[in-house]
Amino acid sequence: MNSTKQTYAIYRDNDLIATDLLSLPSIMKFVRNDALKEHSQGRPAFYMITGSLGFKRAGGHLKGRVVWDG
């Protein structure tokens, strides 16, 4: 039996910032830290995480905290 693992990519404002990631919890931590850096520079950012098997999540940050859509 062949088990396919999902890989993830992260986009910030439609620019690819990371790819071929395997762990969703570590991706969320990476996005949270990036949002804090962007907020400290006064730049709002929109994030999208996509997965090779169809996963998709989008959101933006509010006061350095990522708020995911629905």
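**Strand pairing and salt bridges around E1**

Strand E1 joins strand E2 (residues 15-21) through four bridges, with the two strands running antiparallel. This is a predicted model, and E1 makes a handy starting point for walking through it. Where the hairpin of E1 and E2 turns, two residues sit between the strands, and Asp13 takes a positive phi near 50°. Right by that turn, Arg12 stands opposite Asp15 in E2.

E1 also pairs with strand E3 (residues 46-51), again in the antiparallel sense, this time over five bridges. Here Tyr8 of the pairing stands opposite Gly51 in E3.

Now for the charged side chains. The salt-bridge count comes to two. One of them brings Arg12 back into the story: its side chain meets that of Asp34 at 2.7 Å, N to O. This contact ties together distant parts of the chain, since Arg12 belongs to strand E1 (residues 8-12) and Asp34 to helix H1 (residues 24-40), 22 residues apart. Asp34 has a relative accessibility of 7%, so it counts as buried.

The other salt bridge is formed by the side chains of Glu38 and Arg43, at 2.9 Å, N to O. Glu38 counts as buried because its relative accessibility is 7%, under the 20% cut-off. Its partner is another matter: Arg43 comes out at 41% relative accessibility and therefore counts as partly exposed, a class that lies between the buried limit of 20% and the exposed limit of 50%.

Technical notes. Residues numbered from 1 in each chain as written. Predicted model: local features only at pLDDT ≥ 70, side-chain atom pairs only at ≥ 80, totals over all residues. Heavy atoms only, no water. Salt bridge = Lys/Arg side-chain N within 4 Å of Asp/Glu carboxyl O. Buried < 20%, exposed > 50% of the residue type's maximum accessible area, 1.4 Å probe, protein only. Pairing = 2+ DSSP bridges.
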